[in-house]
Amino acid sequence: MKVIKFVIIASFCFAFNIVSIINPKIVFAARTYYAQVPNNDTFLFSSPDSIEQSRLFVLPQTYFVELLKNANENFYYARYNDVYGYVLKNEVKPVKNVPTSPFLSNINFRIFVPSGANLRSSPYNNGTINLVYSIPFLDSNLLYYGVAYGEEAISRKGNCWYYCKYFTSNLTYTGYVYSPLCDSLSSITPNTETVEYLESITFEDETTQVSGDVFKGLSQTTTTLLIIAISLPCLLFIYLLFKPTKLAQEVGDESKPRKKHQRKKIKRLKNSDYFEFDDDF
């Protein structure tokens, strides 16, 4: 029975090794591409369609977005910090290296009107309720991402809004705050990292299936030796796994005479006043 098990498992492992050689999968680490924002009017969009209505905010000039994939012939799907969206391909410049500081960090501001300010889901009042959260006076738990343009909420105060994230004690909210209601926006300095630009980029799948005969070009002798070299360790392991040990043979074989063991038992006790035998003597 053990021999049959050994043959079955060995055959399975041998076949598995052959299939692995003939049709392997090679896993590649997906390459990370970044692109620099060279101008001060490059938007991150929430959708590659209806771009006039899907503008999120203007990306900070000289900083970067991470390019995730091609969305279509005009847009990349991209990430800026923890915001995902789309950028026009002709408005960013892919770079060869990974930037040390690709995104703005620690840019804050505060609300500077006694009545507070509303965080809104859109910089436009299109007749819908777009209130996200009411931020109190002098609250500065606001992280700046970029500027956006919307309605002029206060006459002659302009149409500039800040796209930001607001932090409360245990929740965060994302939206727009009308910039004339704020002050103390941290100073934004350009990113001065030296980068090398790429003419073009290619996105690859994480897993590439290798097709064709991998033995092509190898001699028959080389192919045979390669298969044996891969299979032998597996066969050896299974043999060692199922090989009976000497102790197991002695204990498990009921037909083997046990006199040798019995004599040792009697010899050990012969100087005493009685003899003790094994139960199956």
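This is a short tour of a predicted model, moving from the whole chain to a surface patch and then to one buried side chain.

Begin with the whole protein displayed as a cartoon, where the secondary structure comes to four helices and 16 strands. Of the 281 residues, 31% are buried, and if contacts with a separation of 6 or more are considered, 62% of them join residues 24 or more positions apart. Switching to a surface representation, you are looking at about 18,800 Å² of accessible area, 54% of which belongs to carbon and sulfur atoms.

With the surface still shown, select F112, F137 and L138, which form a nonpolar patch and together contribute about 270 Å² of accessible area. Within this patch, centre on L138, which sits in the loop that runs between β11 (131-135) and β12 (142-149); its relative accessibility is 40%, so L138 counts as partly exposed.

Next, hide the surface and select N191, which also lies in a loop, here the one between β15 (182-183) and β16 (207-209). Is N191 buried or exposed? N191 has a relative accessible area of 9%, which is under the 20% cut-off, and therefore it counts as buried.

To see what surrounds N191, add T62, Y63, F64 and S101 to the selection, as these are its contacts once neighbours within four places in sequence are left aside. Two polar contacts of the N191 side chain can then be traced: one of its polar atoms lies 2.7 Å from the backbone oxygen of S101, while the N191 side chain also reaches the backbone nitrogen of E193, at 2.9 Å.

Methods:
Residues are numbered from 1 along each chain as its sequence is written. This is a predicted model: local features need pLDDT of at least 70, side-chain atom pairs count only at pLDDT 80 or more; totals for chains, interfaces and linings use all residues. Side-chain values use heavy atoms; hydrogens and water are left out. Helices (H or I, at least four residues) and strands (E, at least two) are DSSP runs, numbered from the N terminus. Buried means under 20% relative accessible area, exposed over 50%, partly exposed in between (1.4 Å probe, protein chains only). Contact means heavy atoms within 4.5 Å. Accessible areas come from the Shrake-Rupley method with a 1.4 Å probe; for residues, only the protein chains shown count as cover. Patches are made of residues with over 30% relative accessible area and no salt bridge: like charges are joined within 9 Å, nonpolar side chains (Val, Leu, Ile, Met, Phe, Trp, Tyr) within 5 Å. A salt bridge is a side-chain nitrogen of Lys or Arg within 4 Å of a carboxyl oxygen of Asp or Glu. A polar contact is a pair of N or O atoms within 3.5 Å; within protein, one must be able to donate a hydrogen and the other to accept it, and residues adjacent in sequence count only if both atoms are side-chain atoms.
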